[in-house]
Amino acid sequence: MKRPEDLSIDPAAVFQIRQAREKGLELIWDRLEAQEPQCGFGSLGLCCRHCVMGPCRIDPLGHGPKAGVCGASADTLVARHLCRMIAAGAAAHSDHGRRPAILLKEIALGKNSAYSVKDEEKLRTVAQRLGISSRDEVPQLALAVAEIALADFGKQDDRPLRFLEAYAPQKRLALWKELEEELLKKTGAFYGLLPRSIDREVVDIMHRTTMGVDHDPTSLLLQGVRCALSDGWGGSLIATEIQDILFGTPRPRKVKANLGVLKEDEVNVVVHGHEPVLSEMIVHVAQEKDLQQEAQNAGARGVNVVGLCCTGNEVLMRQGIPVAGNELHSELVLTTGLCEAMVVDVQCIYPSLPRLASCFHTKFISTSDQAKFPGAIHLQFFEEQALEVARTIVRLAIENFKNRDPQKISNSGIAEEALVGFSAEALLEILGGSPKPLVEALSQGIIKGVVGIVGCNNPKLKQDYFLVNLCRQLLKRDILVVGTGCWAIAAAKAGLMKTEAAEEAGPGLKKLSETLGIPPAIHMGSCVDCSRILVLLAAVADYLSCDISDLPVVGSAPEWTTEKAVSIGTYFVASGVPVHLWPAPPTLGSQAVTSLLTRELESLLGGFFFVEGDLEKATQKMEEIIFKRRKKLGLS
């Protein structure tokens, strides 16, 4: 059994893991150890159970089966599995965008009075991008934007997504169109790249990966690219833009991050998952005088709402709500004994949590019709009853405060300050309304380039080690780091999102950070908010009249876990950004697929994947890519 200090670099996590072991509590690291050794065929992508002639496996050494029962090769198996991962990831992030789009329409039609448009300026900006007259009244604008968004989910014509056409940089949009035509001329077959509708591209993958349909790895992977683009420039972008309209566009604010944000003298409500529609309402009602008084009557000083994972990132960015941690903190939050209620929506929520909560007084409350958990209290969330549902949840937590067991409380009290809230709009405002200062900093060599770090925690890797130390290595090299999701929380916990962190940066980045009053590592939101990075890259590319593939930028998902990360990585690659991955995806069982992802995509799309588990080598590779692109732009 590994020592707690070998599992995480976060002292708060190490403290809680040690406490959990002393109490005999099972955590995710214990379950991982019980699974080892994990299936080698699965790790390489060489097992298939898509029909009941299987499950089939192909021997990578050539001593066993060379094809599945149906005759599918290793290349087909690996490509099919990767495409299905993209489809699942795109479906998850894009379905996230559907809910706020429907809510915006209901608000516009007067069917929901619990919510309203908080950022009228953002609504008018989005409408203008989509070609809607921004002079209309708010209800008409909201309805028009919502209907275009919902049409992008389900329309049946072959025109590209309206949101993609409105937001993608012109040269990148032209490249995608030209590439479709070139592939048709060269092969005689049509390989679509421009997504037609979000749901359709997911269904297309599920159809073509069914037994007996598409067996060409190139055809399969290009449909994967198309589906990923429908996520990045479609579903995820829609989620971010409409959530900004509904709840406000993030602006810089100071917050606290890590388990120390839980308070011993308050009722602690933890919101966890990925969708902010309910959590925003919980934050709102928890501040009501009546509920605060009820908490005081119960013996607490008040109600303390804290976030976890990407729901945490959402309310962190917009409302300044403290965040208790990233994905691998979700069990550790419960082991503090300070959590009166954990309220979950969808995605990255371990099914172990209700069982662990039962070891404490914590009420584990599920709320989504898509995510139910044995052992949970289920309170169905309906948007039109949002106030009532949120108040019910907060009152359950208040009533549960008396059941807290002082003998089970253990918390290190560790929390770090962070400056967050850097939407693309906020960054452009800081830059004076134009990308010009950033472009000048790049051209003058004040900063060498930009790296976007995104992704999850993975219990196979020491928690936050790669996320934090990759960031530190890049900062020293005068490379600005931006990012989302679990990386953003890891960097906040590590103190890299304070302006004082400029001391860890190279001289150029330190100067830029101090001049602008920003940290050298920039928190841009939840994992669905990777679309903010796309919007920022598009603004810089259009300002320079170049393509994203010309810019000195690289992406990284160094502790990735979920299928969503596969979709994110793919849409960045398809947008012209090289992307680093670790651990390796389940593709190494096919030389053809590996070659396509790591080499051939670069000539087609300008982006490519590379896998590297060594921190120094990964940093060096990113720096080499950045200098190569600087040279291409004529920069020293």
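**Exercise 1.** Is Phe373 buried or exposed, and what is the relative accessible area of Phe373? Classify the ring pair that Phe364 and Phe373 form.

*Solution.* The model is predicted: local features need pLDDT of at least 70, side-chain atom pairs count only at pLDDT 80 or more, and totals for chains, interfaces and linings use all residues. Residues are numbered from 1 along each chain as its sequence is written, and side-chain values use heavy atoms, with hydrogens and water left out.

Step 1. Buried means under 20% relative accessible area, exposed over 50%, and partly exposed in between (1.4 Å probe, protein chains only). With a relative accessible area of 13%, Phe373 is buried. Phe364, at 3% relative accessibility, is also buried.

Step 2. Rings of Phe, Tyr and Trp (its six-membered ring) pair if their centres lie within 6.5 Å; planes under 30 degrees apart count as stacked, over 60 as edge-to-face and the rest as tilted. The ring centres of Phe364 and Phe373 are 5.5 Å apart and the planes stand at 75°, so this pair is edge-to-face.

**Exercise 2.** State how many aromatic pairs the structure holds, and analyse the pair of Tyr115 and Phe247.

*Solution.* Step 1. There are 6 aromatic pairs in the structure. One of them joins Tyr115 to Phe247, with 6.2 Å centre to centre and 65° between the planes, an edge-to-face arrangement.

Step 2. Tyr115 belongs to the loop between α4 (74-108) and α5 (120-129), and Phe247 to helix α10 (residues 217-247), so the pair ties together parts that are 132 residues apart in sequence. Helices (H or I, at least four residues) and strands (E, at least two) are DSSP runs, numbered from the N terminus.

Step 3. Tyr115 is buried, at a relative accessible area of 7%. Phe247 is buried, with a relative accessible area of 7%.

**Exercise 3.** Describe the burial and the pairing of strand β4 (residues 267-273).

*Solution.* Step 1. In β4, 7 of its 7 residues are buried. One side carries Val267, Val269, Val271 and Gly273, the other Asn268, Val270 and His272, and both faces are covered.

Step 2. Two strands pair if DSSP finds at least two bridges between them. Strand β5 (residues 303-308) runs parallel to β4 and is joined to it by 6 bridges; Val305 in β5 is the bridge partner of Val269.

Step 3. Strand β6 (residues 341-344) pairs with β4 in the parallel sense over 4 bridges. Here Val270 has Met342 of β6 as its bridge partner.
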